[in-house]
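Me: Please take a close look at one part of this structure, the helix that carries a buried leucine, and set it in the context of the whole chain. A formal, connected account would suit me best.

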Amino acid sequence: MVPADNFYRSLLTELNLHFLYKSTKHYYGKEGQESIDPAVFFKILLVGYLNNINSDRQLCL
């Protein structure tokens, strides 16, 4: 459904976010509610920044 020339598709082929797992490992606990994946969280923040979205509610839509 996403076009081949989509900006985010091309960005994610160039952007390697695997370093986030190692650098955020000590912030994630083993007990309680499961945390959001750090790479997914970073992607959400990146989309908000690039599209000038200041509201968490707008990002979730």
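Reply: The secondary structure of the protein chain consists of four helices and zero strands. The model is a predicted one, and read from the N terminus its elements follow the order α-α-α-α.

The part in question is helix H2, which spans residues 19–23 and contains Leu20. Leu20 counts as buried because its relative accessibility is 10%, and the cut-off for burial is under 20%. When neighbours within four places in sequence are set aside, the contacts of Leu20 are with Pro38, Ala39 and Phe42. Helix H3 covers residues 38–50, so the three contact partners of Leu20, namely Pro38, Ala39 and Phe42, have numbers that fall within the range of H3 as defined by its DSSP run. A separation of 21 Å lies between the C-alpha atoms of Leu20 and Gly32, although these two residues are 12 apart along the chain.

Beyond H2 comes the loop between H2 and H3, where Thr24 is found. Thr24 is also classed as buried, because its relative accessible area is 18% and the limit is under 20%. Pro38, already named as a contact of Leu20, lies 7.3 Å from Thr24, C-alpha to C-alpha, with their positions 14 residues apart in sequence.

Helix H3 also includes Ile44. Ile44 is partly exposed, since its relative accessible area is 34%, a value that falls between the limits of 20% and 50%. Ile44 belongs to a nonpolar surface patch of about 410 Å², to which Ile36, Val40, Phe41 and Leu45 also contribute.

The loop between H3 and helix H4 (56–60) holds Asn52. The phi angle of Asn52 is near 55 degrees, a positive value in a residue other than glycine. Asn52 is exposed, because its relative accessible area of 62% is over the 50% limit.

Aromatic pairing is found elsewhere in the sequence. The count of aromatic pairs comes to one. Phe7 and Tyr8 make up this edge-to-face pair, with 5.2 Å from centre to centre and 70 degrees between the planes. The edge-to-face label applies because an angle over 60 degrees is required for it. Tyr8 itself is partly exposed, because its relative accessibility is 26%.

These local features belong to a chain of 61 residues, of which 11% count as buried. The radius of gyration of the protein chain is 14 Å, whereas a compact globule of 61 residues would have a value near 10 Å. Taken along the principal axes, the C-alpha atoms fill a box of roughly 40 × 25 × 20 Å. The protein chain exposes about 5800 Å², and carbon and sulfur atoms supply 57% of that area. As for the contacts between residues at least 6 apart in sequence, 37% join residues at least 24 apart.

In sum, Leu20 of helix H2 is a buried residue in contact with Pro38, Ala39 and Phe42.

Methods:
Residues are numbered from 1 along each chain as its sequence is written. This is a predicted model: local features need pLDDT of at least 70, side-chain atom pairs count only at pLDDT 80 or more; totals for chains, interfaces and linings use all residues. Side-chain values use heavy atoms; hydrogens and water are left out. Patches are made of residues with over 30% relative accessible area and no salt bridge: like charges are joined within 9 Å, nonpolar side chains (Val, Leu, Ile, Met, Phe, Trp, Tyr) within 5 Å. Accessible areas come from the Shrake-Rupley method with a 1.4 Å probe; for residues, only the protein chains shown count as cover. A salt bridge is a side-chain nitrogen of Lys or Arg within 4 Å of a carboxyl oxygen of Asp or Glu. Helices (H or I, at least four residues) and strands (E, at least two) are DSSP runs, numbered from the N terminus. Buried means under 20% relative accessible area, exposed over 50%, partly exposed in between (1.4 Å probe, protein chains only). Rings of Phe, Tyr and Trp (its six-membered ring) pair if their centres lie within 6.5 Å; planes under 30 degrees apart count as stacked, over 60 as edge-to-face and the rest as tilted. The radius of gyration is taken over C-alpha atoms; the globule rule is 2.2 Å times the number of residues to the power 0.38. Contact means heavy atoms within 4.5 Å.
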